[in-house]
Amino acid sequence: MQIETILDEATAELGKIEAFPFLATRSISFQIRKPVPIDTTLSVKCNVESMKGFKCFVHGTIENPVDGMVLASCEAELVNIAALIKLG
């Protein structure tokens, strides 16, 4: 699985739990900071930064669980699909 896919899925799932059950990624940006090893256990962490109207902003990281070094990160803007359907 790709690093970007892992972060996209993790941020969306947290947004669904914390904000709205029907979310989709509107935009997302990634930073790969260090080489991400394969065949090893890594830590994926996400937190909701803010919510504005039908939008939810989530920050995510992939970290080395041994030393806490951030290997990759993302900023995601998610939208509440149910609210958008009602507006349309």
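**Entry 1: the surface patch**

Which residues make a nonpolar surface patch of about 320 Å²? I looked this up first, keeping in mind that I am working with a predicted model. The patch is made by Phe-22, Ile-81 and Ile-85. I then followed Ile-85, which is found in helix α2, residues 81–87. Ile-85 has a relative accessible area of 62%, so I note this residue as exposed.

**Entry 2: the overall layout**

Next I stepped back to the whole chain. I find two helices and four strands in its secondary structure. Reading from the N terminus, the order of elements is α-β-β-β-β-α. The C-alpha trace spans about 45 × 20 × 20 Å along its principal axes.

I also looked up the surface totals. The chain exposes about 5600 Å², and carbon and sulfur atoms supply 55% of that area. Of the 88 residues, 27% are buried. For contacts between residues at least 6 apart in sequence, I note that 57% join residues at least 24 apart.

**Entry 3: the core**

Which elements each supply at least two residues of the largest nonpolar core? I listed the members before answering. The core has eight residues: Ala-12, Leu-14, Phe-20, Leu-23, Cys-56, Val-58, Ala-76 and Leu-78. The elements I was after are α1 (3–18), β3 (55–63) and β4 (70–80).

I picked Leu-14 from the core for a closer look at its neighbours. Leaving out residues up to four places away in sequence, Leu-14 touches Ala-19, Cys-46, Asn-47, Val-48 and Val-58. One of these, Val-58, is itself a member of the core.

**Entry 4: the cysteines**

How many disulfides does the count come to? The count comes to zero. Cys-46 is in no disulfide, and its nearest cysteine sulfur belongs to Cys-74, 6.2 Å away. The cut-off for a disulfide is 2.5 Å between the sulfur atoms. Cys-56 is in no disulfide either; there the nearest cysteine sulfur is that of Cys-46, 11 Å away.

I compared notes on how these two residues are covered. Cys-46 is partly exposed, with a relative accessible area of 24%, whereas Cys-56 is buried at 0%. Cys-56 is also one of the core residues from my previous entry.

**Entry 5: salt bridges**

How many salt bridges does the count come to? I get four, and I looked up three of them, starting with Arg-26 and Glu-77. Their side chains meet in a salt bridge with an N to O distance of 3.3 Å. Arg-26 lies in strand β1 (residues 23–32) and Glu-77 in strand β4, so this pair ties together parts that are 51 residues apart in sequence. The partners sit on opposite sides of my burial labels: Arg-26 counts as exposed at 55% relative accessibility, while Glu-77 is buried, with a relative accessible area of 11%.

Glu-77 turned up again in the next pair. The side chains of Lys-55 and Glu-77 meet in a salt bridge at 3.4 Å, N to O. Because Lys-55 lies in strand β3 and Glu-77 in strand β4, the pair ties together parts that are 22 residues apart in sequence. Lys-55 counts as partly exposed, at 28% relative accessibility. I therefore wrote down Arg-26, Lys-55 and Glu-77 together, linked in a network of salt bridges.

The third pair I looked up is Glu-63 with Lys-45, whose closest N and O atoms are 3.2 Å apart. Glu-63 lies in strand β3 and Lys-45 in strand β2 (residues 43–52), so parts that are 18 residues apart in sequence are tied together by this pair. Glu-63 counts as buried at 11% relative accessibility, and Lys-45 is partly exposed at 45%.

**Entry 6: a loop residue**

Is Val-66 buried or exposed? I first placed Val-66 in the loop between β3 and β4. Val-66 has a relative accessible area of 77%, so I log this residue as exposed. The cut-off for that label is over 50%. Last, I looked up the distance from Val-66 to Ile-3. The two are 63 residues apart in sequence and 19 Å apart in space, C-alpha to C-alpha.

Key:
Residues numbered from 1 in each chain as written. Predicted model: local features only at pLDDT ≥ 70, side-chain atom pairs only at ≥ 80, totals over all residues. Heavy atoms only, no water. Patch = residues over 30% accessible without salt bridge, like charges linked within 9 Å, V, L, I, M, F, W, Y side chains within 5 Å. Areas by Shrake-Rupley, 256 points an atom, 1.4 Å probe, with all protein chains shown as cover. Buried < 20%, exposed > 50% of the residue type's maximum accessible area, 1.4 Å probe, protein only. Core = buried A, V, L, I, M, F, W, Y, C linked by side-chain atoms within 4.5 Å. Contact = heavy atoms within 4.5 Å.
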